[in-house]
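Let's take a walk through this fold together, from its sheets to its helices and aromatic rings. Keep the model open beside you as you read.

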Amino acid sequence: MRLVTMSRMPILQQLHLEEQLLRRTSDNWCIINDGTAPATIVMGVSGRVSELVNIQLVLRDKVPIVRRFSGGGTVIVDQGTVFVTFICNKNVVAGLQPFPRDIMSWSGQLYGKVFDRFGEFHLRENDYAFSHRKFGGNAQSITKNRWVHHTSFLWDYDVKNMDYLKIPKRAPEYRLARNHTDFLCRMKEYIPSRSVFTDGVIAALGEHFSVQPMDLQAILSGDEEFVPSTKLLSQQYLEEIVSSKESLEIIES
């Protein structure tokens with residue numbers, strides 16, 4: 001397992017790197033990014049902006065929105081977010097089938113070794129939670145021979161940033177219609193430091209794989225011809241969504 005650790009890489013650049021490693025290499029990778037800037041909304045590949053984001057607030061405050069190459073829900077990430085991504089061949093773990101539930105279950109067992117001593121850790125549907133409050137959201141992309149499982153962990157978060165996100169229509173059952181602040185928790189309330197968490201992830205990986213640290217710059221200087229599908233949504237695109245929605249409301253009234 002090749003390990004890349006970094007700090008505050010912009011999330012758009014991180015996702016481009018992950019997609020490149022998925023599609024252009026045959027190695028197994030773990031990517032850890034401790035925080036990102038600027039604050040950015042990240043959506044799954046099939047998410048509808050008008051249903052998931054308060055677009056007018058986003059336009060007013062010039063918050064970037066990225067549509068990533070993987071599935072999953074919508075999050076806002078910033079320097080309080082810690083990212084951990086696994087990019088693997090389908091045969092990386094004996095008996096692990098390359099299907100969403102199987103990968104989620106495997107990841108839950110791995111993270112259980114990291115979190116069990118700090119709180120009542122659970123894999124709840126597709127989320128990581130302490131008791132009934134979420135602190136980690138997951139997304140996946142599965143190709144013919146490889147898969148990505150990436151997680152945004154809430155070490156901390158700014159309550160005001162939650163105003164940019166709508167409560168999704170398809171929410172997990174255990175959310176119980178709670179608002180963002182009642183549904184989420186901060187990892188810093190349970191774990192002594194960010195480094196304790198990231199060191200714990202690396203130690204848990206080391207129980208299953210031979211972990212090989214890699215130089216980030218050597219990776220970044222690789223495939224310059226690769227064109228990622230992860231995109232930054234333009235201001236014009238967002239304004240057109242607002243305009244079309246307003247036009248529809250006028251017609252319906």
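Below we go through the two sheets, then two helices, then the aromatic residues, and finish with a few single residues.

Before anything else, bear in mind that this is a predicted model. A good place to begin is the open sheet of eight strands, which runs in the order E7-E8-E9-E10-E6-E2-E1-E11 and has mixed pairing. Its edge strands are E7 (121-124) and E11 (212-213), and each of these pairs on one side only. Further in, E9 and E10 are joined by seven bridges in the antiparallel sense. If you want a spot to look at there, find Ser141, which stands opposite Val148 in E10. As background, strands of a sheet pair through backbone hydrogen bonds, either parallel or antiparallel.

Now for the other sheet. Four strands make it up, in the order E5-E3-E4-E12, and this one is also open with mixed pairing. E5 (75-77) and E12 (231-232) are at the edges with a single partner strand each, so one side of each has no neighbour in the sheet. Strand E3 (residues 40-43) shows you the mixed pairing directly: three bridges join E3 to E5 in antiparallel fashion, while E3 and E4 are parallel, again over three bridges. On the E5 side, Ile41 stands opposite Ile76, and on the E4 side Met43 has Arg67 as its bridge partner. Strand E4 (residues 65-67) in turn pairs with E12 in the antiparallel sense over two bridges, with Val66 opposite Leu232.

What about the faces of E3? In a regular strand the side chains alternate between the two faces of the sheet. In E3, Thr40 and Val42 are on one side, Ile41 and Met43 are on the other, and all are buried, so both faces of the strand are covered.

Val53 takes us just off this sheet. You'll find Val53 in the loop between helix H2 (49-52) and helix H3 (55-61). Is Val53 buried or exposed? Its relative accessible area is 1%, so Val53 counts as buried. Leaving out neighbours within four places in sequence, Val53 is in contact with Ile41, Met43, Val58, Ile65, Thr74, Tyr164 and Lys166. For a sense of distance, Val53 and Leu96 are 43 residues apart in sequence and 35 Å apart in space, C-alpha to C-alpha.

On to the helices. Helix H1 (residues 11-24) has 14 residues, which at 1.5 Å a residue should span 20 Å, and its end C-alpha atoms are indeed 20 Å apart. Its buried residues include Ile11, Leu15, Glu18 and Leu22.

Helix H6 (residues 194-206) gets the same check: its 13 residues should span 18 Å, and the end C-alpha atoms are 19 Å apart, which agrees. Which residues of H6 are buried? They are Phe197, Thr198, Gly200, Val201, Ala204 and Leu205. These cover an arc of only 155° around the axis, which puts them on the same side of H6. The spacing fits a general pattern: an α-helix has 3.6 residues a turn, so residues three or four places apart point the same way. Among the elements that cover the buried residues of H6 are strand E2 (29-34), strand E6 (81-89), helix H4 (100-115) and strand E10 (146-154).

One of those buried residues, Phe197, leads us to the aromatics. The count for the model comes to 19 aromatic pairs. Phe115 and Phe135 form one that is edge-to-face, at 4.9 Å centre to centre with 75° between the planes. This pair links distant parts of the chain, with Phe115 in helix H4 and Phe135 in strand E9 (residues 133-142), 20 residues apart. Phe115 and Phe197 have ring centres 5.5 Å apart and planes at 15°, so this pair is stacked. It links helix H4 to helix H6, across 82 residues. Phe115 and Phe135 are both buried, and so is Phe197. All three belong to one aromatic cluster, whose members also include Trp106, Tyr128, Trp147 and Tyr190.

Two last stops. Arg186 lies over the face of Tyr157, at 4.1 Å from the ring centre. Ser243, in helix H8 (residues 235-252), has 40% relative accessibility and so counts as partly exposed. Ser243 and Leu205 are 38 residues apart in sequence and 48 Å apart in space, C-alpha to C-alpha.

Definitions and conventions:
Residues numbered from 1 in each chain as written. Predicted model: local features only at pLDDT ≥ 70, side-chain atom pairs only at ≥ 80, totals over all residues. Heavy atoms only, no water. Expected span 1.5 Å × (residues − 1). Buried < 20%, exposed > 50% of the residue type's maximum accessible area, 1.4 Å probe, protein only. Arc of directions from axis to C-beta. Contact = heavy atoms within 4.5 Å. Phe/Tyr/Trp six-rings, centres within 6.5 Å; stacked < 30°, edge-to-face > 60°. Lys NZ or Arg CZ within 6 Å of the ring centre and 35° of its normal. Pairing = 2+ DSSP bridges.
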